[in-house]
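Here are a few exercises to help you find your way around a structure that may be new to you. Try each task yourself, then follow the solution step by step.

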Amino acid sequence: MDQFGIGQPVRRKEDVRLLTGRGAYTDDLLRENMAWMAVLRSPHAHARIAALSTEAAQQAPGVIAVLTAKEARADGLGLFPVLVEVPGRDGKPLWCPPREILQGEVVRFVGDPVAIVVAETRAQAMDAAELIEVDYEILPSVTETGAALDPGAPVIWPERGSNLCVHWSSGREAEVEAGFARAARTVRVELVNNRLVGNPMEPRVALGEYDAASGLYTLHSPTQGVVRVREGLAKHVFQVPKERMRVVSLDVGGGFGLRGKLFPESAMVLWAAKRTGRPVKWRADRTETFLCDPHGRDHVTRAEMAFDENARILAMRVDTIAAMGAYLFDFGPRIPTIAGGRIQGTVYDMQAVNVQVRCVFTNTAPTDAYRGAGRPEAAYVIERLLDQGALAFGIGREEIRARNYIRPEQLPYVNSAGNEIDSGRFEETQRLALALDDWEGFAARRAESAARGRLRGRGLGYFIEASGGQPAEWARVRITPEGEALVHVGTFSHGQGHETAFAQVLHAKLGIPFEKVRLVQGDSDLVPQGGGTGGSRSSQMGGVAVARASELVLAKAKRLAAHLLECAEADLEAGAQGLRIAGTDRSIAWAALAAAEIPGESPGLDEELLYKRNTECNFPNGCHVAEVEVDPETGEVAVVRYAAVDDVGVPLNPMLVHGQCHGGIVSGIGQAIYEHARYDAESGQLLTASFQDYCLPRAADIPDLAVDLNVVPCPSNDLGVKGAGEGGACGAPPAVVGAVCDALGVAHLDMPLTPEKVWRALAKREAARP
């Protein structure tokens, strides 16, 4: 088998460049006469701006300009939009607050931008920002998600009249009530899905330039796709034709869903560049990342599940309050509602499902997509309910799941949200995961842990993803005069390995050597269309688009070669050097074909297409098994064993898929045990604004991860691929929480499972013993 073709574990070609310091990141860029920008941010969660004075800052050394909301309004800058619609239960649309580039009257979270300073150096800009005098009249704030709709809670947007953004319902209330009415047993759980900060390795950076002669704006900044950012800036903020807006993203050090947004700072550097006539650069420090990057999750949920006498699910109802923060980011209210709602029921045969979500405003940083974007939250609720069901029936957690999986003969299966799950072998995947973990050997491992004074527990987490979204993607394949292949694609790699995976696709289609394939991405002048990367869509959308564009190139190459070699197209075969007549030594090189001109054909081998599919998403899934040890003296939790079997369809590169599985699992373990963005309930201050207070998992916290694949090809695309990359963030939290609860002998504990929380649960258990 070809070692560089589809399905082969090819090492990432981009790693040599990145690991030897030859990567090109936005912060590496310097421009002649470049100035630096600093942002003055609100120190208060909610306050009225009574007075603002910039005189001292304007006189500070090196200062070029100080800009406030007054100048922004004078220049006619537009509002930052929400790019989705979520229908309310009452038939009314969501309520979107106006978000300006800078706040002039009221600030609504700690970190809300109030003014910007442009200076010769970054240090001068930061020093001058501290000289801006702001007189704040502090207002009451609400940062607790569950309290946002309480009577008497401070209202963040008085013109709205309440903190409700939208109340969404998935429907089927009557069916759910009927299911509960005939239930043999019901279970319930109240849980918190903790707020997270994505924290990419590379902080946000933005470099803005403006050419007064042409009216062209150019933004360099890390993104997950330049097209949407360009269109948002052009249409909504600057109100110029999109042809006058260029967005470029170089290498990007992590995305996690956070990078694909329209950020105020991106507009600020462009506005400042136009105002000053100089390139303007801004770089976030880590505290700004904590304060101002969109956060993820932050739900408070009550859920119930009804079963018949055989522990088969009859119905489920879920009531969630989801924090939006003080403003709406691009997709904010869609994440806990429609995005998570696409997988109602996940992999289980359950039709009577009602999920109600009240999206609420709080005096916190806005929330938006974070790895999994609604699906981890949905899976977590169901998996915790099933664990309660297993306790209620006195059966194994693996058994209650096995009784409820959608069976192969039921596929394609239309779930309660109306989405067709077209493939998957869910009970088989669970069996494979249990075998990988050595589920049957757990009793011996538990006894060994007990002999060392440790409590050992195990947990299961099964998930299904709705991966894809935006069912169209653009690709272009061009053969150069040197015989190389340039792959232009509208998705974007921010660490996943697209340079490798797409080269494998093209090599498999054309035979051009793997090392002669180059990826072109991240420049709106070179990639005029495309949905970027998000929702694990790159392989199924970008990969298929590249495959089809490659096939167009091959078809034209065969026409050219047949004319030049005077043979039938059917007799030609593609290879590393070019096309040849099968069984002979007569051939023509790729470079020669790219340069050939024959009647009736346009010159060159250069084909592009917009691939569209008739399904919005497909459904990767997986079963994850975690084992933990708990120190009863300290409450410290250690994940000591982990096994996962995922179904991502046909893997383009199993090594890349395993890497993505590892990353997702670590993200999920981080949420389950370590991470929590916390605000002070009284002052609204972010208490976890640095790595001293916000704990990310370290390598020493993670055991060897046993990862395998159950290959179930997706029938809805040419390559048979499904999404990969977000599954671990879906499977790990319920698996780890279930394992800790099993170790402690308790029904439920909320994430993160900190030593204090676990120690208190143990103390409470001991106090309750007779």
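**Exercise 1. Check the length of helix H10 in this predicted model, then decide whether its residues are mostly buried or exposed.**

Solution.
- Step 1: Start with the count, which is 19 residues for H10.
- Step 2: The expected span is 1.5 Å times one less than the number of residues, so H10 should span 27 Å.
- Step 3: Compare this with the model, where the end C-alpha atoms of H10 are 27 Å apart, which agrees.
- Step 4: Now turn to burial, where a residue counts as buried under 20% relative accessible area. Because 16 of the 19 residues of H10 are buried, the helix is largely enclosed by the rest of the structure.
- Step 5: Look just past the end of H10, where Gly394 takes a positive phi of about 70°.

**Exercise 2. Repeat the check for helix H7 (residues 264–276), and list its buried residues.**

Solution.
- Step 1: H7 has 13 residues, so at 1.5 Å a residue it should span 18 Å.
- Step 2: The C-alpha atoms at the ends of H7 lie 18 Å apart, in agreement with that value.
- Step 3: The buried residues of H7 are Pro264, Glu265, Ser266, Ala267, Met268, Val269, Leu270, Trp271, Ala272 and Ala273.
- Step 4: That makes 10 of the 13 residues, so H7 is largely enclosed by the rest of the structure.
- Step 5: Just after H7 comes Gly277, with a positive phi of about 75°.

**Exercise 3. Which residues are closest to the centre of the largest cavity, and which elements give two or more residues to its lining?**

Solution.
- Step 1: Begin with the count, which comes to 8 cavities of 30 Å³ or more.
- Step 2: The largest cavity has a volume of about 220 Å³.
- Step 3: It is lined by 21 residues, and the closest to its centre are Val318, Val355, Glu377, Ala378 and Val381.
- Step 4: The elements that give two or more residues to this lining are strands S8 (185–193), S15 (299–307), S16 (313–325) and S17 (353–361), together with helices H9 (335–341) and H10 (375–393). You met H10 in the first exercise.
- Step 5: Sort the lining by type, and you get 11 nonpolar, 9 polar and 1 charged.

**Exercise 4. Do the same for the second largest cavity.**

Solution.
- Step 1: Its space is about 80 Å³.
- Step 2: Of its 14 lining residues, Asp646, Gly723, Ala724, Gly725 and Gly727 are the closest to the centre.
- Step 3: Helix H17 (654–674) and helix H18 (727–744) are the elements that give two or more residues to the lining.
- Step 4: By type, this lining divides into 5 nonpolar, 6 polar and 3 charged.

**Exercise 5. In what order do strands S25, S26 and S27 form their sheet, and how are they joined?**

Solution.
- Step 1: The 3 strands form an open sheet in the order S25-S26-S27, with antiparallel pairing.
- Step 2: The edge strands are S25 (572–574) and S27 (587–589), as each pairs on one side only.
- Step 3: From one strand to the next, the twist averages 20°.
- Step 4: S25 is joined to S26 by 3 bridges, and Ala574 has Leu579 in S26 as its bridge partner. These two strands form a hairpin with 3 residues between them.
- Step 5: S26 (residues 578–581) is joined to S27 by 3 bridges. Gly578 has Ala589 as its partner in S27, while Arg580 has Ser587.
- Step 6: The hairpin of S26 and S27 has 5 residues between the strands, and here Gly583 takes a positive phi near 80°.

Note on methods
Residues numbered from 1 in each chain as written. Predicted model: local features only at pLDDT ≥ 70, side-chain atom pairs only at ≥ 80, totals over all residues. Heavy atoms only, no water. 1 Å grid on protein atoms, 1.4 Å probe; cavity = no way out; pocket = protein on both sides within 12 Å on 5 of 7 lines; lining within 4 Å. Points joined across faces, edges and corners; volume = space filled by probe spheres on them. Helix = DSSP H or I, 4+ residues; strand = E, 2+ residues; numbered from the N terminus. Nonpolar A, V, L, I, M, F, W, Y, C, P; charged D, E, K, R; others polar. Buried < 20%, exposed > 50% of the residue type's maximum accessible area, 1.4 Å probe, protein only. Pairing = 2+ DSSP bridges. Axes fitted to C-alpha atoms, helices over the stretch in contact; angles between N-to-C directions.
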